[in-house]
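Please work through the following exercises with the sequence and the model side by side. Each task is followed by a solution that goes step by step.

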Amino acid sequence: MARVHPNVLPSPAAERAAAGPPAGEEEEPTSLTVWRKSLLFNCRGFTVFDAKGDLAYRVDSYDDAEAEVVLMDPAGRPAFTVRRKRLSLSGEQWLIFAGEEARRPVYAVKRGGGGGGKSMARVAPCAGAAPFEVEGSYARRRCVVYDGERRAVAEVQPKEAVGTDVFRLVVQPGVDVSLAMAVVVALDQMFARPSLLRSWSS
């Protein structure tokens, strides 16, 4: 089997990469390897590595009945929290909160959407900006996130010969990588079985 988790602790090179490219250099897309598995024993979640093999993000879910999933950086600090909203007139939704904020979501992710019937999910900023459309198949790990101008801003790609539990997330320059990974967590709750969490209404 291919090597999935090379380095667990962030390296100085990873910290330099997080600071961005030197002045005058063009920024490259960020490529992450996403492993649908927690590094902790008897725990479910995600372990995410950057292009150098250093730990970038993690999700550790101890309880199948949890109503939220927290995306953390390598040090365990919360980047975003994904919560499944109770059933409402607008249908099933997953709300994305900054950090561990509990009251004001920054994005709402809902099945389906626009895109002429091609959209599998819509990611709508709660501030009222243009939504993002997700097209493709998360189950096959082949889907693209488009912004309001139909530019591809992030893409989930299969990773050869390792099955669907390991895949790539490629994020274009200028896009919040943490947010892109939070959207992947929400898509996993919508389309993967078993999900990491249950509905608040269950």
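**Exercise 1. The order of elements**

In what order do the elements of the protein run from the N terminus on?

Solution. Before starting, note that this is a predicted model, in which local features need pLDDT of at least 70 and side-chain atom pairs count only at pLDDT 80 or more, whereas totals for chains, interfaces and linings use all residues. Residues are numbered from 1 along each chain as its sequence is written, and side-chain values use heavy atoms, with hydrogens and water left out. Helices (H or I, at least four residues) and strands (E, at least two) are DSSP runs, numbered from the N terminus. On that basis the protein has two helices and twelve strands, and their order from the N terminus is α-β-β-β-β-β-β-β-β-β-β-β-β-α.

**Exercise 2. Following the strands**

Trace the pairing from strand E7 through to strand E10, and find the positive phi angles in the hairpins.

Solution. Two strands pair if DSSP finds at least two bridges between them.

- Step one: strand E7 (residues 107–111) runs antiparallel to E8, and five bridges join them; arginine 111 has alanine 121 as its bridge partner in E8.
- Step two: strand E8 (residues 119–125) is joined by four bridges to strand E9 (residues 132–137), again in the antiparallel sense, and alanine 121 has valine 134 of E9 as its bridge partner.
- Step three: the hairpin of E8 and E9 has six residues between the strands, and glycine 128 takes a positive phi near 100 degrees there.
- Step four: E9 pairs antiparallel with strand E10 (residues 142–146) over five bridges, with cysteine 143 of E10 as the bridge partner of glycine 136.
- Step five: the hairpin of E9 and E10 has four residues between the strands, and in it arginine 141 takes a positive phi near 60 degrees.

**Exercise 3. Two loop residues**

Are cysteine 126 and aspartate 54 buried, partly exposed or exposed?

Solution. Buried means under 20% relative accessible area, exposed means over 50%, and partly exposed lies in between (1.4 Å probe, protein chains only). Cysteine 126 lies in the loop between E8 and E9, and it counts as partly exposed because its relative accessibility is 42%. Leaving aside neighbours within four places in sequence, cysteine 126 is in contact (heavy atoms within 4.5 Å) with Pro105, Val106, Tyr107 and Ala108. The C-alpha atoms of cysteine 126 and tyrosine 107 are separated by 5.2 Å, although these residues are 19 residues apart along the chain.

Aspartate 54 is found in the loop between strand E2 (44–49) and strand E3 (55–61), and with a relative accessible area of 2% aspartate 54 is buried. Buried residues make up 44% of the 202 residues in the protein, and E8 is mostly covered, with five of its seven residues buried.

**Exercise 4. The nonpolar cores**

Which residues have the most contacts inside the largest nonpolar core?

Solution. A nonpolar core is a set of buried Ala, Val, Leu, Ile, Met, Phe, Trp, Tyr and Cys residues joined through side-chain atoms within 4.5 Å. The largest has 40 residues, and those with the most contacts inside it are Ile96, Tyr138, Leu169, Met181 and Leu187. Helix H2 gives the largest share of this core, eleven residues. A second, separate core of five residues includes Trp35, Leu55, Val162 and Val166. To look at one member of the largest core in detail, take tyrosine 138: not counting residues up to four places away in sequence, the residues that tyrosine 138 touches include Phe46, Met120, Cys143, Leu187 and Phe191.

**Exercise 5. Long-range contacts**

What share of the contacts with a separation of 6 or more is accounted for by residues 24 or more positions apart?

Solution. In the protein, such residues account for 35% of the contacts with a separation of 6 or more.
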